[in-house]
Amino acid sequence: MMTVVRSPQAATDAASTHSVVSVRGARMAFGERVLWDALDLEIVPGEFIAVLGPNGSGKTTLLQVLLGLRHLTAGEVLVDGRPPGRGSDRIGYIPQQSTLEADLPLRARDLVGLGLDGHRLGLGPLGPGARRVRRRRIDAAMAEVGATGYADAPLARLSGGEQQRLRVAQALVGEPSVLLCDEPLLSLDLASQRTVAMLIEIRRRTAGTPVVFVTHEINPVLPLVDRVLYLVDGQFRIGPVEEVMTTEVLSELYGTRVDVLRVRDRLVVVGAEEVPHHVHGPDE
């Protein structure tokens with residue numbers, strides 16, 4: 001289990017600073033189906049927000065809104081005071097670990113470099129000075145996640161944990177204002193989960209980069225979480241773990257009895273079959 005030491009003044013300092021992400025009066029609906037409505041969320045520097053809920057509750061859709069890939073049905077969202085846009089260098093994105101094609105002609109450093117200019121293809125070759133700067137930034141990001149030793153290795157030859165380190169580096173290389181994480185620990189072994197979670201946490205502590213972390217399973221990041229956004233069937237709750245992850249709150253959200261138990265340093269959710277905290281699949 002990860003141990004995180006925080007300043008007693010951290011919460012007070014965060015509350016007094018500006019919002020990096022501001023979601024106000026947000027509504028997302030697909031026809032008559034409403035994923036969430038009247039959602040207000042202010043995220044300040046250094047804050048770790050875990051987004052939880054069953055499949056189809058709108059977790060990934062929220063990330064897509066923050067990435068500028070979807071538009072709200074109503075309301076406003078700002079990142080660093082501006083509406084999000086496709087390919088914004090203000091946002092770092094860490095996806096799920098996924099299998100790469102065996103014949104993919106990319107090295108480790110090539111994947112990380114896409115975080116700098118993968119959204120600006122077709123602008124022509126860089127000059128020598130720009131290439132040197134680009135290489136230094138890629139090397140620094142790879143060093144930050146401990147991937148220097150396989151910088152020039154073919155991607156397909158690397159383990160899932162090594163590839164996920166590279167995806168973290170890709171998200172960090174552009175010095176983003178916020179990190180958006182979509183199930184980044186899924187399909188990783190326990191050791192790799194801890195490593196990836198700690199890499200994200202180190203950036204948050206050292207650079208004050210806020211984290212929005214979508215997950216089905218809170219326990220691997222439980223010591224890191226400041227607040228939970230829990231989405232269920234058009235409803236939501238926002239607050240500290242100890243206020244949201246309770247029998248009373250989850251039973252109200254699901255409309256059925258759901259028990260939340262603390263077993264040592266883990267949370268265990270026990271309830272109806274429609275509480276799929278350990279079921280992984282496509283989200284809306």
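The following exercises, each with a worked solution, concern the predicted model of one protein chain.

Residues are numbered from 1 along each chain as its sequence is written. In this predicted model, local features need pLDDT of at least 70, side-chain atom pairs count only at pLDDT 80 or more, and totals for chains, interfaces and linings use all residues, while side-chain values use heavy atoms, with hydrogens and water left out.

**Exercise 1. Composition and confidence**

State how many helices and strands the protein chain has, and identify the elements with the lowest and the highest mean pLDDT.

Solution.
1. The protein chain has 8 helices and 11 strands; helices (H or I, at least four residues) and strands (E, at least two) are DSSP runs, numbered from the N terminus.
2. The mean pLDDT of the chain is 86, and 85% of its residues reach 70 or more. pLDDT is the predictor's confidence in each residue, from 0 to 100.
3. Among the elements, helix α1 (residues 10-15) has the lowest mean pLDDT, 43, and strand β7 (residues 211-214) has the highest, 98.
4. Over residues 1-16, pLDDT stays under 50, and the model has 21 contacts beyond four places in sequence for them. Contact means heavy atoms within 4.5 Å.
5. Residues 276-283 also have pLDDT under 50 throughout, with 25 contacts beyond four places in sequence.
6. Where pLDDT is low, the predicted coordinates should not be read in detail.

**Exercise 2. Burial and helix α2**

Determine what percentage of the residues in the protein chain is buried, and which residues of α2 are buried.

Solution.
1. Of the 284 residues in the protein chain, 48% are buried. Buried means under 20% relative accessible area, exposed over 50%, and partly exposed in between (1.4 Å probe, protein chains only).
2. Helix α2 (residues 59-67) has 8 of its 9 residues buried, so this helix is largely enclosed by the rest of the structure.
3. The buried residues of α2 are Lys59, Thr60, Thr61, Leu62, Leu63, Val65, Leu66 and Leu67.
4. Leu63 lies in α2, and its relative accessibility of 1% places it in the buried class.
5. Beyond its neighbours within four places in sequence, Leu63 is in contact with Tyr93, Leu180, Cys181, Asp182, Val212 and Val214.
6. Leu63 and Val214 are 151 residues apart along the chain, yet their C-alpha atoms are separated by 8.2 Å.
7. After α2 comes Gly68, with a positive phi near 80°.

**Exercise 3. Helix α3 and its partners**

Establish what covers the buried residues of α3, and describe how α3 crosses α4 and α5.

Solution.
1. Helix α3 (residues 108-117) is mostly covered, with 7 of its 10 residues buried: Ala108, Arg109, Leu111, Val112, Gly113, Leu116 and Asp117.
2. The cover of these buried residues includes α4 (128-144) and α5.
3. The axes of α3 and α4 come within 10 Å and cross at roughly 115°. Axes are lines fitted to C-alpha atoms, for helices over the stretch in contact, and angles run from 0 to 180 degrees between N-to-C directions.
4. α3 and α4 are therefore roughly perpendicular to each other. Angles under 35 degrees count as roughly parallel, over 145 as roughly antiparallel, 65 to 115 as roughly perpendicular and the rest as oblique.
5. In this contact, Ala108, Arg109, Val112, Gly113, Leu114, Leu116 and Asp117 of α3 meet Arg134, Arg135, Arg137, Ile138, Asp139, Ala141 and Met142 of α4.
6. The residues of the contact of α3 with α4 divide into 7 nonpolar, 1 polar and 6 charged. Ala, Val, Leu, Ile, Met, Phe, Trp, Tyr, Cys and Pro count as nonpolar, Asp, Glu, Lys and Arg as charged, and the others, Gly among them, as polar.
7. For α3 and α5, the axes come within 6 Å and cross at roughly 30°.
8. Here Ala108, Leu111, Val112, Leu114 and Gly115 of α3 make the contact with Leu166, Arg167, Ala169 and Gln170 of α5.
9. By class, the contact of α3 with α5 has 6 nonpolar, 2 polar and 1 charged residues.

**Exercise 4. Helices α5 and α6**

Find the angle at which α5 and α6 pack, and name the residues that meet.

Solution.
1. Helix α5 (residues 160-172) and helix α6 (residues 190-207) pack at an angle of about 15°, with their axes 10 Å apart.
2. These two helices, α5 and α6, are therefore roughly parallel to each other.
3. Gly161, Gln164, Arg165, Val168 and Leu172 of α5 meet Ser192, Thr195, Val196, Leu199 and Arg203 of α6.
4. This contact of α5 with α6 has 4 nonpolar, 4 polar and 2 charged residues.
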